[in-house]
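Trainee: I have a chain to go through and would like to start with its helices. Could we take it piece by piece?

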Amino acid sequence: MAATKVLNASETEAAIAGLSALLGDRLTTSAALREAHGRDESWHPVMPPDAVAFATSTEEVAAIVRICAAHRFPVIPFGTGTSLEGHISAPRGGLSLDLSRMNRIIAVNAADLDVHVEAGVTRKVLNAYLRDMGLFFPIDPGADASLGGMAATRASGTNAVRYGTMRENVLNLTAVMADGRIVRTARRARKSAAGYDLTRLLVGSEGTLGIITELTLRLYGIPEAISAGVVSFPAFEGAIEAVIETIQSGLPVARIEFLDEVQVAACNRYSKLSLPETPLLLVEFHGSEASVAEQATRFGEIAAAHGGGAFEWATKAEERTRLWEARHNALYASLALQPGKKGMTTDVCVPISRLAEAIKGTKDDLAKSRLVAPMVGHVGDGNFHLIMLVDPDNADDIAEARRIHDRMVTRALSLDGTCTGEHGIGEGKIKFLEAEHGAGVAVMRAIKQALDPLDILNPGKMLPY
């Protein structure tokens, strides 16, 4: 795969002129907008594009890409800017293609439990639209991310232990390829044996193989009963062993989240809670009134067997919302512990039976470090996150954070896990891809070369040169 050509000033101007003729005032070179479109919520440095375009349809995206391809001008898809591994930065300049104005909910097929949307629709907007129909879309990464961005990064989140990730919940996609072709990857049927699975190829490709413009998503009925609660543990080992037994026993928990004592303290302060500042599990059950009560009783018994305290229920909707908002605001709560610092956020995922070992190794590393680093996790599927607070201008802080990060990832790989359960590779975890996939990286590179020979789609992300 050839590296993206570095354009000179006249070549860049020619590309921008062609795009301006197509888009008019929906193309901008404003310094403020360029910087905003080169910044995500990660610790990675801002690398702004040369221009920002606001697209309004799949056909327009195709026309934009054809112009960019003719000039070998990089194209970086942009949803809401909530990624965590530098996915939207422009290390080689180019165009940030903002899809936020492609925000139509095109069709809800309630009888088939699916919905067709444009890529700029966000998950909260979709669920607000679906609520009166008794339906919901369960993938919940925390941020109000765009559904196109969630598909591109194979997002998951708090509900993944029951409902799966974007991989399981995207039925088909419409995507614009690197030469401007528009491709629909599948029909609305729930299964097919026809040809290569292009849907799964593009889900998780981080904008490097095609630009997702429309999606058909699987929907679910809103549960008859929802019950959530918190149980605290004197030490993290008991909490993790309770999770392992819960999953291995087949208890159909909808969410099961781990917060260590540092994260609980941060959430208490930021969200005005009064939780015991020890490791805890935040759980939720979905189903009928009877099944939820049965599941909760069984979970309480498992937690107690591993040293858990009393199960504190949040039976009212507003109480549940307050708890889950505190969990979703964990990053901001962590940053508030040391104002002025940034969060170097990372995640790994391991087989559930190796979770305690993975977390213990990281906690041991943190005990010897001067960095403050709250830990949270979607532990029902073996995924946990670390938020290391660093001064980006302090070389010692960055070096120490990288050391802990690399040990955390290397340990996960040694336990037959992955370097990222949901954040993705972006630019931040490229160096671990070959360690995880070996010869598989060459196959990925061959796919990239076949679909994007000029390397204009989100260059510098995912694949090492």
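Trainee: Which residues of α3 are buried?
Mentor: This is a predicted model, in which local features need pLDDT of at least 70, side-chain atom pairs count only at pLDDT 80 or more, and totals for chains, interfaces and linings use all residues. Residues are numbered from 1 along each chain as its sequence is written, and side-chain values use heavy atoms, with hydrogens and water left out. Buried means under 20% relative accessible area, partly exposed 20% to 50% and exposed over 50% (1.4 Å probe, protein chains only); helices are DSSP runs of H or I with at least four residues, strands runs of E with at least two, numbered from the N terminus. In α3 (residues 58–71), the buried ones are T58, E60, V61, A62, A63, I64, V65, C68 and A69.

Trainee: Which residue bonds to R327 in a salt bridge?
Mentor: A salt bridge needs a side-chain nitrogen of Lys or Arg within 4 Å of a carboxyl oxygen of Asp or Glu. For R327 the closest N and O atoms are 2.7 Å apart. R327 lies in helix α12 and its partner in strand β13 (residues 255–259), 70 residues apart. Both are buried, and the partner is E257.

Trainee: Is R298, which pairs with E245, buried or partly exposed?
Mentor: The side chains of R298 and E245 meet at 3.7 Å, N to O. R298 sits in helix α11 and E245 in helix α9, so the salt bridge ties together parts 53 residues apart in sequence. E245 has 28% relative accessibility. R298, at 35%, is partly exposed.

Conventions:
Expected span 1.5 Å × (residues − 1).
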